Amino acid sequence: MSWSRPLLFCLLFSFAELIVAQIKYSTPEEVKIGSNVGNVAKDLGLDVSTLLNRRFRIVAGAQDALFEVNPNNGVLYVDKNIDRERLCDRNGPCLIDLKIVVENPLEIHYVTVEITDANDHVPTFVEEEKIIEITENTLPGARFQLPGARDPDIGINSVQRYKLSQNDHFNLEIRERGEDKIPFLVLQRHLDREQKTNHSLVLTAMDGGTPQKSAHLNLTINVLDINDNRPTFSKEVYSVLLQENVALDAVVTKVQATDLDEGANGDVEYAFGGDINSKVLELFTLDRNTGEIKVKGQIDNEAADVYNLDVQASDRGQPPTTTDCRVIIKIQDVNDNEPEIEVTSISSMVPEDSKQGTVISLISVTDIDSGLNGKIKCSLTGNVPFELKPSFKENMYSLVTKEILDRETVSQYDISITATDCGEPPLSTFKTLSIQVSDVNDNIPVFTHNPLELYLTESNAPGKSIFSVSAFDKDLNENAAVSYRIIRGERGHNDMASFLNINSETGDISALKSFDFETLKTFKFQVVATDSGTPSLSSNVTVHVFILDQNDNAPVILYPVSSNGSAEGVEEIPRNVNAGHLVTKVRAYDADIGYNGWLLFSLQEVTAHSLFGLDRYTGQIRTLRSFTETDEAEHKLLILVKDNGNVSLSATATVVVKLVEPREAFAAADVKSATKDDEDNNVTFYLMITLGSVSTLFLISIIVLIAMQCSKTTDYTSKYLQETNYDGTLCHSIQYRSGDKRYMLVGPRMSIGSTIVPGSHGNTLVLPDRRGTSTEVNPTGHMVSVWPR
């Protein structure tokens, strides 16, 4: 088919694997389904044998369903009935755009199909017959517009010309208005009603298609008698005041006209003027016979406050004569509209440090009513730190601050604005405006407690967290983001801060060293909390650190003196001593305090259990009975000294007791005293050498007296029960000081082998500084509290 050949093959684009081409075809409307439009594959130069494998197809769209492509031969054909008028109405070229895709490699081609018009519509007239009344005194040359025919086709297939049937009185004149051709009936000769009362004509409209199609309109021209008197209105202008929202069918006014003619020429009927607004016809009706105007629709002063109606009075003469008048309807306003509030927000976020009088928003109020009904008063409801200030322009206000804002007290205000008109009754409108108070850095970080006390067990692991501080800032975001740092302490511990590290974000404090209670018992430092506001604000807290003792020191044997890693001593006593004789005293020291430094003595090994007894608290070794001839001359005692820590630490001492005859004991005591004096008092030894002139006997006597005096141990009467199986009913207390506070450990006295668990502070009392309490040092070197009775 010649019309299916491609009209345009333009523009071929290729890049990478994507090829774009555009082809244009043309096909008439109403063509048979299946008709070929064109061979796309051939026109694109595609290999037909590869179309199936390359998925040669149309990408579906809203109008693509009208056409389809054959994947076997690449032919584009009509798939559905095409109606150009339905697709494109009477617009210009009717173009259908198709997108065709082939794959491997990907190619996209655009095909445009122009739907050409076919002469498939017949011209039609809206009416089958047109009646025209012309008075007999109408002058030749008068023109009367005739209805035009309509044809949905375009171009040459639309209406091209009109033809009037042959007659003697009328001629046809065609005027073009844009694309339309308007027929006019032109009077050529005077009409004579007495000769012929009507004329019948036929108007034919023809299109330019092939074959040509046409339509016919029957024209009837009635020749009318002359009517020489016109109707006359009683008033030329009628003025009426009408309230808005008046009920339907309410009478607005009544117009009246008279005609001096008789019969039909004197009968008057009324109608609105031909150029009256169509909106008016929706609001008012006019009784054709009585001239009464009534309300037909909703009367609204805000839509229009006045209506001008042209009313025409016509008699029934042949031909009729007419006259007209003007009806002016003024609409009286009623307070039927609430005020409207319009808010123009300069900023919905107001800084809390805003000055008084800061403008927040601009408020505009309107009321489409008039007069007092449209006069508005505006106010704020509720107790809010804002106020409305009127502008120089009526019904314009500024919303401003009237007090200092505090976000930490109120962070958001919902302001209710009330607008009330002055009508009767008054109408009001409410509008809520939400205002956020933005944060300003006006609050310093606050610690919950100041100062803080930290009780830290000695021998802590270096690098581990020991404490955490936290400060709260009432501000928001960066103004509340707190960072921490440590500053130097006081009272000789300025260097302690260098052994501490603080996480600037979390406030976790870790120690970079292990603290020793025996070296340092207390110190303090300060932590500064600083927010991230501009400018930043800060506060500090003092942290008092109290080092708590741990059982990390084993007892140290002071006597007998240690040598080669073991404490061992020899004591010689006369065989004739009585029961209760003080053999010696094991002395020990523990650097810890409290239970950790509370030492207990016990016999681990002894050659004769019946001969010697050991005071578990003082370390004194005493005879339990008198010696007999059968008792061995030498006895070995192994003494265990342990503290009362949670995990006890201990040391041992060995005492060898030799029984000698009384004279031998005295001599041995002389030798021992001399030896001890040589070790403990070199000054005395040098003095003895210097005094060589003194007699040897006097010197020996002096040495013996000094040795006896040094070796003599005060026979303390133990404040503790001596029974080895004591039941622990008495309380024993030990006081120690840590920092500025004194503590007392209170617990039962125990039998040999018992332990006190000091892990809990439940048995620790904090002592006030009262002078009513006296203290004395027990033999272990620790403070024992003695309460007044």
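Start at the very beginning of the chain: select residues 1-17, where pLDDT stays under 50 even though the model has 41 contacts beyond four places in sequence for this stretch. You are looking at a predicted model, so colouring by confidence is a handy first view. Now jump to residues 745-766, where the pLDDT is below 50 as well. That stretch has 73 contacts in the model beyond near neighbours in sequence. For the whole protein, the mean pLDDT is 79, and 79% of the residues reach 70 or more.

**Stop 1: β9, β14 and β15**

Select residues 129-135, which make up β9, and add strand β15, residues 214-224. These two strands run parallel and are joined by 7 bridges. To find one of these spots, click on lysine 130: its bridge partner in β15 is leucine 219.

Keep β15 on screen and bring in strand β14, residues 198-207. Which way do β14 and β15 run, parallel or antiparallel? They run antiparallel, with 9 bridges joining them. Look for serine 200, which stands opposite threonine 220 in β15. Together β14 and β15 form a hairpin, and 6 residues lie between the two strands.

**Stop 2: threonine 138**

Go back to β9 and follow the chain onward. In the loop between β9 (129-135) and β10 (143-145) you will find threonine 138. Is threonine 138 buried or exposed? Its relative accessibility is 16%, and buried means under 20%, so threonine 138 counts as buried.

Show the side chain of threonine 138 and trace it to the backbone oxygen of threonine 135, which it reaches at 2.8 Å. Which residues does threonine 138 touch, apart from its neighbours within four places in sequence? Select Phe144, Leu187 and His190: threonine 138 is in contact with each of these.

**Stop 3: a sheet with β22 in the middle**

Next, select β18 (251-254) and β21 (284-286), then add strand β22, residues 292-295. You now have an open sheet of 3 strands in the order β18-β22-β21, with antiparallel pairing. β18 and β21 stand at the edges with a single partner strand each, so one side of each has no neighbour in the sheet. On average, neighbouring strands here are turned by 20° against each other, direction ignored.

Zoom in on β18 and β22, which are joined by 3 bridges. Click on threonine 253 and look across to β22: its bridge partner there is isoleucine 293.

**Stop 4: two cysteines**

Time for some sulfur. A disulfide is a covalent bond between the sulfur atoms of two cysteines. How many disulfides does the structure hold? The count is 0.

You can still visit the cysteines. Select cysteine 325, which is buried with a relative accessible area of 3%. Then move to cysteine 422, which is partly exposed at 26%.

**Stop 5: a sheet with β49 in the middle**

For the last stop, select β45 (582-585) and β48 (612-614), plus strand β49, residues 620-623. These 3 strands form an open sheet in the order β45-β49-β48, and the pairing is antiparallel. The edge strands are β45 and β48, each pairing on one side only. Neighbouring strands of this sheet are turned by 20° against each other on average, direction ignored.

Finish on β45 and β49, which 3 bridges join. Pick threonine 584 and look for isoleucine 621, its bridge partner in β49.

How values were computed
Residues are numbered from 1 along each chain as its sequence is written. This is a predicted model: local features need pLDDT of at least 70, side-chain atom pairs count only at pLDDT 80 or more; totals for chains, interfaces and linings use all residues. Side-chain values use heavy atoms; hydrogens and water are left out. Helices (H or I, at least four residues) and strands (E, at least two) are DSSP runs, numbered from the N terminus. Buried means under 20% relative accessible area, exposed over 50%, partly exposed in between (1.4 Å probe, protein chains only). A polar contact is a pair of N or O atoms within 3.5 Å; within protein, one must be able to donate a hydrogen and the other to accept it, and residues adjacent in sequence count only if both atoms are side-chain atoms. Contact means heavy atoms within 4.5 Å. A disulfide is a pair of cysteine sulfur atoms within 2.5 Å. Two strands pair if DSSP finds at least two bridges between them. Axes are lines fitted to C-alpha atoms, for helices over the stretch in contact, and angles run from 0 to 180 degrees between N-to-C directions. pLDDT is the predictor's confidence in each residue, from 0 to 100.
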